[in-house]
Amino acid sequence: MIYTITLNPTIDYIVNVPHLALGHSHHMQDELITPGGKGIMVSRVLKALGIPSIALGFRGGFTGDFVRDYMEELNILNQFTVIKERTRINLVLKSDQDTEISDYGPNATDEEVAHFLKGFEDISTQDFVVMSGSKLPSMPKDFYEQLIRSLHNEGVPFACDITKDELRNSLQYHPLVVKPNQKEVGEFFGRTFSTWQEVVPYGKQLIELGAQHAIVSLGGDGALLFTPKEVIYAPPLSGKVANPVGAGDSMVAGFVGTYVRTGDPLEAFRIAVAAGTATAFSPDIATGPEIEAQLGRVVLEKIE
């Protein structure tokens, strides 16, 4: 079983207000209300690919109930730990310029965290864990590293899509795949890049530091896959970007879901690119047919 971990889920409230003028009243043109959080996005894409998963994390209040109910409507198994404080809401305002207003999220008590950790007792070496997204504000800085160390000591394979310092600490435990974007690679190594080609030496360093595979998304320039043996480039696919939110999570789901089944990193990367592109071209997380439609367009080029 693939387990996805979303420590700090959200309700994403996305509204479209053409030609926003600050200080004036407006009527929204349309709205979209979905559960958010990177691990939840991964579970939703795995579902679209026909791959089961169990979503773990924390939920609280009426907003947490919405997240649970939405996941159950999608027939995605979830075992969220219930906390007293409510799950956050993020507002995404789409207009002439898109604006996002994010909540920091709730706090969890020591007892609530202990209950969450107890659920890890059922995870075995035959399972796989995907960790991504932000922590709850009350959690220590090394909370992800504690989880990763525990999984590593038990021999449980994992992948992560987490922030710079947390990513750095994770590499010694050899994650199956990490997925920073071009900007995050620059922040990780203290560099800025003028072209995507300049990213290549630093993606290779992620492998040298311990990652088994690394995917670097390049925005409008495509994506790169780094393995211990080669570097693969996927040129961008043409189309209109509707909503880039969740594209990176879709890539993680496509890679992990395929690799766990096949053990083939190139096929996993191909489906990752198709899933990420399909979501970028969709107003919400891509469906299975939308991913399939992009799959035949993906081209992989070995550059090293």
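Is serine 95 buried or exposed? In this predicted model, serine 95 is buried, because its relative accessible area is 18% and the cut-off for buried is under 20%. To find this residue, look in the loop that runs between strand E7 (88-94) and strand E8 (99-101).

Once you are there, turn to the partners of serine 95. Leaving aside its neighbours within four places in sequence, serine 95 is in contact with Val17, Pro18, His19 and Leu20. Two of these contacts can be followed down to single atoms. A polar atom of the serine 95 side chain lies 2.6 Å from the backbone oxygen of valine 17. The serine 95 side chain also reaches the backbone nitrogen of leucine 20, at 3.0 Å.

Another serine makes a good companion to this one. Serine 102 sits in the loop between E8 and helix H3 (110-118). Serine 102 counts as partly exposed, because its relative accessibility is 46% and that class covers values between 20% and 50%. Its side chain makes a polar contact, at 3.2 Å, with the side chain of glutamate 100. Glycine 64 gives a handy reference point here: serine 102 and glycine 64 are 38 residues apart in sequence and 16 Å apart in space, C-alpha to C-alpha.

Keep glycine 64 in view and move to isoleucine 11, which belongs to strand E2 (residues 10-16). Isoleucine 11 and glycine 64 are 53 residues apart in sequence, yet 8.3 Å apart in space, C-alpha to C-alpha. With a relative accessibility of 8%, isoleucine 11 counts as buried. Not counting residues up to four places away in sequence, isoleucine 11 touches Ile33, Thr34, Thr63, Phe66, Val67, Arg88, Ile89 and Asn90.

Thr34 leads us onward, since it also appears among the contacts of arginine 44. Arginine 44 lies in helix H1 and is buried, with a relative accessible area of 9%. Leaving aside neighbours within four places in sequence, arginine 44 is in contact with Thr34, Pro35, Tyr70, Leu74, Ile76, Asp284 and Ile285.

Now step back from single residues to the helices. Two packed helices are described by the angle between their axes and the distance between the axes. Helix H1 (residues 38-48) packs with helix H8 (residues 247-262) at an angle of about 55°, and their axes are 8 Å apart. H1 and H8 are therefore oblique to each other, and their crossing is right-handed. On the H1 side, the contact is made by Lys38, Met41, Val42, Val45 and Leu46, while H8 brings Asp249, Ser250, Val252, Ala253 and Gly257. Sorted by character, the residues of this contact of H1 with H8 are six nonpolar, two polar and two charged.

A second helix pair rounds off the tour. Helix H9 (residues 265-280) and helix H10 (residues 288-295) pack at an angle of about 120°, with axes 8 Å apart. H9 and H10 are therefore oblique to each other, and H9 passes H10 in a right-handed crossing. Here Arg270, Ile271, Ala274, Ala275, Thr277 and Ala278 in H9 meet Glu290, Ile291, Gln294 and Leu295 in H10. The residues of the contact of H9 with H10 divide into six nonpolar, two polar and two charged.

Conventions:
Residues numbered from 1 in each chain as written. Predicted model: local features only at pLDDT ≥ 70, side-chain atom pairs only at ≥ 80, totals over all residues. Heavy atoms only, no water. Axes fitted to C-alpha atoms, helices over the stretch in contact; angles between N-to-C directions. Helix = DSSP H or I, 4+ residues; strand = E, 2+ residues; numbered from the N terminus. Parallel < 35°, antiparallel > 145°, perpendicular 65-115°, else oblique. Left-handed = near helix turned anticlockwise from the far one by under 90°. Contact = heavy atoms within 4.5 Å. Nonpolar A, V, L, I, M, F, W, Y, C, P; charged D, E, K, R; others polar. Buried < 20%, exposed > 50% of the residue type's maximum accessible area, 1.4 Å probe, protein only. Polar contact = N/O pair within 3.5 Å; in protein donor to acceptor, adjacent residues only side chain to side chain.
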